[in-house]
Structure formats: C-alpha cells, structure tokens
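Q: Please take a close look at a single part of this model. I should like to understand step by step how it is put together and what surrounds it.

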Amino acid sequence: MATERTDLGMTARRLARTDVVSVTPDTPITKTAQIMRDRTVGSVLVIEGDELIGVVTDRDIAVEVVADGSASLTHEVTDLEMLTAQDVMTADPQSVDADAKIQRVLRAMNDAHARRIPVVDDDHVVGIIAFDDLVLHLAGECTHVSAQLDSLAEVIHAESPSN
C-alpha cells in the first residue's frame, strides 16, 4: 500500500492568501469600509511605511462605530468622515511567522480571538490567513486521512487468514 504524506505540517506561508488588502492609518473609515466591500474582505491591514500597525475588521466598524456611535473610541468624533482606520483599528495585532505550522496559526488565532491573522516574514506582511481557509484545508486533510484508513482496512482485510 502506498502512503502519501498529508499537509498537516504545512506552513502559514503556503496557506496564506497573498492578495492582502491594506490601508494607511489616516484612511477615512468610510473609505476603509468601501474598500472592504469592493474587495469582498472582512478585514484590512493598517500599514504605515512597511510596518503592520493594526487591523480593521467589519466587526470593528459595526460595533465600535455604528453600534456604539463612536462612544468607545479614544476621542469623541461624531462625524464619520473624520474617523480614520487608526481610530477604529486593533493596534499591534497578533501575527504569525511565515514558517509557522498550522497548529501555531490556530493557537495564535485562538489567543487573539481572531478569525483572520496576518502572516509576516522579517516583520513584512506576506499574506493573511482566514479561519475559513484553515477549515477548508483541515477538511481536505480529514478526507485524505479517511481515504488512507479505508485503504489500510482493505489491505488488512485482504491479508486476514479468514479470507
């Protein structure tokens, strides 16, 4: 029986989406939301120079800006046109190294209570992984493992002395 190796040892770099959507800290939150809508993403990275300084999620906008009326923000801004990505972002977000294994990615997401996590290499963003990406990958792994177990069961059954 030939066995194939699974990709449970896959790195964050291989799983990450490289089409990262980003804004600058001074991008108006209305423009940030439009970018998220137009690019069909649930988050944008806030980049200053080459440095990742924050993340804005659709939840940040819905909860911090709309539901709370900006009352929970660090300063009182009532005009949405005046709010920026920096006003709403989660600063200093959790990230994972590009060489991190899937188990580390899951742990980092859990620790940060995040559904998306930036992937960095030498402090430069190289991609982003969404929880949905992990679920799809792990579902494929489960299918592969199941097929291997079925194949092994067939071999054992064929070699059984009762046959």
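A: The account below follows one sheet, then turns to its surroundings and to the chain as a whole.

The model is a predicted one. The sheet in question is open and has 3 strands, in the order E5-E6-E7, with mixed pairing. Strands E5 and E7 stand at the edges, and each has a single partner strand, so one side of each is left without a neighbour in the sheet. Helix H5, residues 102-112, packs on this sheet and touches E5, E6 and E7. The direction of H5 makes about 125 degrees with that of E6.

The pairing may now be taken strand by strand. As a general rule, the strands of a sheet pair through backbone hydrogen bonds, in either a parallel or an antiparallel sense. Strand E5, residues 96-97, runs parallel to strand E6, residues 116-121, and 2 bridges join them. Within this pair, Asp 97 has Val 120 of E6 as its bridge partner.

On the other side of the pairing scheme, E6 and strand E7, residues 124-130, are antiparallel and share 6 bridges. Two of the partnerships can be located by residue. Ile 117 is matched with Ile 129 in E7, while Val 119 has Gly 127 in E7 as its partner. In a regular strand, side chains alternate between the two faces of the sheet.

E6 and E7 form a hairpin with 2 residues between the strands. In this hairpin Asp 122 takes a positive phi, near 55 degrees. A positive phi near 55 degrees also appears elsewhere, at Thr 40, which follows helix H2. The buried residues of H2, which covers residues 29-39, are Ile 29, Thr 30, Thr 32, Ile 35 and Met 36. In an α-helix there are 3.6 residues a turn, so residues three or four places apart point the same way.

Further along the sequence lies helix H6, residues 131-159. Asp 133 belongs to this helix. Asp 133 counts as buried because its relative accessible area is 10%, under the 20% limit. Apart from neighbours within four places in sequence, Asp 133 is in contact with Leu 15, Arg 17 and Ile 128. Ile 128 is a residue of strand E7, which spans residues 124-130; this contact therefore ties Asp 133 of H6 to the sheet described above.

Val 145 is another residue of H6. Val 145 is partly exposed, because its relative accessibility is 34%. Together with Leu 149, Leu 152 and Ile 156, Val 145 forms a nonpolar patch on the surface, and the accessible area of these residues together is about 340 Å².

A second open sheet offers a companion picture. This sheet has 4 strands in the order E1-E2-E3-E4, again with mixed pairing. Strands E1 (22-23) and E4 (90-91) are its edges, each with a single partner strand, so one side of each has no neighbour in the sheet. Between E2, residues 43-48, and E3, residues 51-57, there are 6 bridges in the antiparallel sense. In that pair, Leu 45 is matched with Val 55 of E3.

Finally, the chain as a whole has 6 helices and 7 strands. Of its 163 residues, 36% are buried. Among contacts between residues at least 6 apart in sequence, 58% join residues at least 24 apart. The chain exposes about 10100 Å², of which carbon and sulfur atoms supply 50%.

Conventions
Residues numbered from 1 in each chain as written. Predicted model: local features only at pLDDT ≥ 70, side-chain atom pairs only at ≥ 80, totals over all residues. Heavy atoms only, no water. Pairing = 2+ DSSP bridges. Buried < 20%, exposed > 50% of the residue type's maximum accessible area, 1.4 Å probe, protein only. Contact = heavy atoms within 4.5 Å. Areas by Shrake-Rupley, 256 points an atom, 1.4 Å probe, with all protein chains shown as cover. Patch = residues over 30% accessible without salt bridge, like charges linked within 9 Å, V, L, I, M, F, W, Y side chains within 5 Å. Salt bridge = Lys/Arg side-chain N within 4 Å of Asp/Glu carboxyl O. Axes fitted to C-alpha atoms, helices over the stretch in contact; angles between N-to-C directions.
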